[in-house]
Amino acid sequence: MAEPMKIRALLKGDVADIRVLVAHSMETGQRRDAAGNLVAAHFIHSMTVTHNGKPVYDGQWSQAVSRNPVFAVRIKGARVGDKVVVSWTDNKNDKRTDEVSVAAG
Amino acid sequence: MNLSSRAAAICAFALALATGSGPVTAQSKPEDGLALGRKMLAEDNPGDLWVERGQRLFTAKRGPKNASLEKCDLGMGPGVVKGAFAQLPRYFADTDKVQDLESRLLTCMVELQGFKREDIIRTRFGTLDRDSDMEALVSYVGAASNGLRMNVRLTHAKEREMYKAGEYAFYRRSGPLDFACVTCHGESGKRIRLQDLPNMTKAEEMREVVATGWPAYRGTHSTVRTMQHRLYDCFWQMRLPDLGFASDLSVALTAYLNYSANGGEIKLPGVRR
Amino acid sequence: MKGVSQFMSRAAASVVGLAGLVIAGCAAFPDAETTAKNTEQMVTDAHTLGAPALIRRSVQDTSQRACSMIGGSEGSAKLSQEQAASLVKTARDSIQYPASGKLSGDWKTGAQLVTDGRGQRIVNGQVEKLPGNGALCTNCHAMDPTEVNAGDVGPSLVAYGKQRGNSEAVARYTYERIYNAWAFMPCSNMPRLGTNGFLTPEQIAHVVAYLIDAGSPVNRQ
Amino acid sequence: MKFGGSAGALVTLAAAGLLKTSQAAAAVWNKAGFESKGVADAVKSLGASAAADSRDIVITAPDIAENGAVVPIEVVSRIPNTQSISIIAEKNPFPLAATVDFANSAEPYAYVRIKMGQTSNVRAVVKADGKFFSAVKEVKITVGGCG
């Protein structure tokens, strides 16, 4: 089962800086394991973010995104307490959704 | 990094070796081009994911004895993680040994949870195929001391013995490259290729290395590495035989280095290349 | 009791940091002989994987032992004149030359060697398998001025040949210096690459060519 | 010429579903683009073959990365009505690394860490008001440590 993401959402002025850490192997499909077998491609291909229910960020990713991905989103006109929901889906259809409230920066 | 001492050091080398070549072309130093990337990587630390996983592992009932680590005494009393990193390595009466964080966790996982020692040692370092529980636990315990200061003491005779052994080992040259720790870590402002080499004979540099260094998320390894791994890696680069995990030699070096970092404010896990 | 260190004040902690050696010095440390004996035993116990020949790498030779003084590094090695002379003689006597007699080889082969940092590393008791060891040079030395990825533990060697020429004498000095730096400066940080068998005489000659050949990137600017 | 190209691209993008960001559904993964083995094909898949160079795209990335496994890339677009930012590592086996579509209150800002196999230009392609713009920055990848 996918591990929880770690999300920081800090308000700076009227912009919320959302920074996300994700535990995911982001396998390229070109790596061999210790036994010499090719490890199948396994990577997040969709990353979406909503702000108080409205979509703000729709990311399409490839296997070139680093293992244990780090990404960031900036939302203007945000306020402390606003709800930010982050969801990913990978190419094996594993999914994970986590949410956080915007905090004072 | 003190520029004048750096320049002086380079001159000293040049004179000593009688090569005295002129300055490299007047280009910007390579570290200028690296600084931005290092800053950007330090801002978001995937090691924080290891801290959370470590916390889940610490409190979960696991192993043949179906026990958590909440009775594990890391020197602050059973289950107390806050402040534990700051005072390790230290002497433990139950094992009659000086132990660092990894070797103490190993004791707890074997004694309290019933894991086999060799299984924990086999999986001590994570790979791209398998995460390491040890790396997660060390991240959790390390981060629990954030904001505190390193405070390793040498009150027990065995602690003093280990400190001196670590010092001896730090200066001990061996192997096909004639290296000791001090070969690369005895001067300030030096680099192996583009990687800065901390001067481990200087307390102010050691405070940063120990208190903000290991455990650290290593980008090249895509996992958190611990001090035991850092030392293992150094021995590997020195072309020495595998450094035994939790061996007295590794704990002695850690005792020597951590003691010299006393007073350093803890901020873990770190982020490294 | 357990809370003492936890709540130790900042000031007290930093005092320990600075003055720790002095304070700890009041309680007895083991003497140097005991420490040496303890630590040598720890070294033996720390290495258990691999063939005996690999394990023996951690055993010191006489010269290494002489260069391991506590508090010392190459700059501050406190050797007596007698010790220094003995180390230099041991080093000098160990130097061997290529069978061909050519002390300067092919700089292009040398170019491959100098940036190669691999060779002889051990994991789980097994040595990495390579056709030959790298010469490790750019780990510590700048050589090609256009290559940023070079260390500075050792002095810059940019324009090495341009400054010295490529005479037989320069080739010999450079060859010997790489083969065993301790013949010139006992306890130098520079590994004794030839004496320790890390590089072959022929490999060293290629590195010499890379340093002194007029066509090498080292001397182009 | 630029304008003609981007008008065509707009149609392509609409067909690919990239303009659906105001809806909750995620954009359709740009399979052709992510599987492209060359920069030209990757750019073409975005409909951005005629993208104009722009100084209003700011790429923040290290001049030298000491680790090709995690190269941080930040892109800020100052072009009004920016709709998407794509990041392309030109010498990667599959150059297109990510495309981010923005909607509602999002700032035109993308930050992600990518893998880079070798020293290469990183290209940012911005779509704004249906037109395409791009900028590049070189990132040198080094072998770190003792090699």
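Here is a short tour of a predicted model, going from one helix pair and one small sheet in chain B to the fold of chain D and the chain contacts.

**A helix pair in chain B**

Let's start with α3(B), residues 47-59, and α6(B), residues 133-143. Their axes sit 7 Å apart and cross at an angle of about 100°. Angles of 65 to 115 degrees count as roughly perpendicular, so that is the label for α3(B) and α6(B).

Who does the touching? On the α3(B) side you'll find Gly47(B), Trp50(B), Val51(B), Arg53(B), Gly54(B), Gln55(B), Leu57(B) and Phe58(B). Facing them from α6(B) are Asp133(B), Glu135(B), Ala136(B), Leu137(B), Ser139(B), Tyr140(B) and Ala143(B). Sorted by class, this contact between α3(B) and α6(B) comes to 8 nonpolar, 4 polar and 3 charged residues.

**A small sheet in chain B**

Chain B also has an open sheet of 3 strands, in the order β6-β5-β7, with mixed pairing. At the edges are β6 (223-225) and β7 (270-272) of chain B, each of which pairs on one side only. Ignoring direction, neighbouring strands in this sheet are turned by 40° against each other on average.

Zooming in on one pairing, β5 (residues 216-218) of chain B runs antiparallel to β6(B), and 3 bridges link the two. If you want a spot to look at, take Ala216(B): its bridge partner in β6(B) is Arg225(B).

**Chain D**

Next up is chain D, with 3 helices and 9 strands. What is the order of its elements from the N terminus on? The helices come as a run of three, α-α-α, followed by the strands, β-β-β-β-β-β-β-β-β. Chain D has 147 residues, and 52% of them count as buried. Looking at contacts in chain D with a separation of 6 or more, 64% are between residues 24 or more positions apart.

**Where chains meet chain B**

Both chain A and chain C touch chain B, and the table puts the numbers side by side.

| Pair | Residues in contact | Class of residues on the side touching chain B |
|---|---|---|
| A and B | 11 residues of chain A, 10 residues of chain B | chain A: 4 nonpolar, 1 polar, 6 charged residues |
| C and B | 73 residues of chain C, 63 residues of chain B | chain C: 34 nonpolar, 32 polar, 7 charged residues |

Several elements of chain C each supply at least two residues of its side touching chain B. Among them are the helices α1 (3-6), α2 (10-26) and α3 (32-46) of chain C. Strand β1 (122-123) of chain C is on that list too, as are α8 (137-140) and α9 (160-164) of chain C.

Key
Residues are numbered from 1 along each chain as its sequence is written. Chains are lettered from A and ligands numbered from 1 in the order in which they are written. This is a predicted model: local features need pLDDT of at least 70, side-chain atom pairs count only at pLDDT 80 or more; totals for chains, interfaces and linings use all residues. Axes are lines fitted to C-alpha atoms, for helices over the stretch in contact, and angles run from 0 to 180 degrees between N-to-C directions. Helices (H or I, at least four residues) and strands (E, at least two) are DSSP runs, numbered from the N terminus. Angles under 35 degrees count as roughly parallel, over 145 as roughly antiparallel, 65 to 115 as roughly perpendicular and the rest as oblique. Two residues are in contact if their C-beta atoms, placed from the backbone, lie within 7 Å. Ala, Val, Leu, Ile, Met, Phe, Trp, Tyr, Cys and Pro count as nonpolar, Asp, Glu, Lys and Arg as charged, and the others, Gly among them, as polar. A residue is buried if 20 or more other C-beta atoms lie within 10 Å of its own, exposed if 12 or fewer, and partly exposed in between; C-beta atoms are placed from the backbone. Two strands pair if DSSP finds at least two bridges between them.
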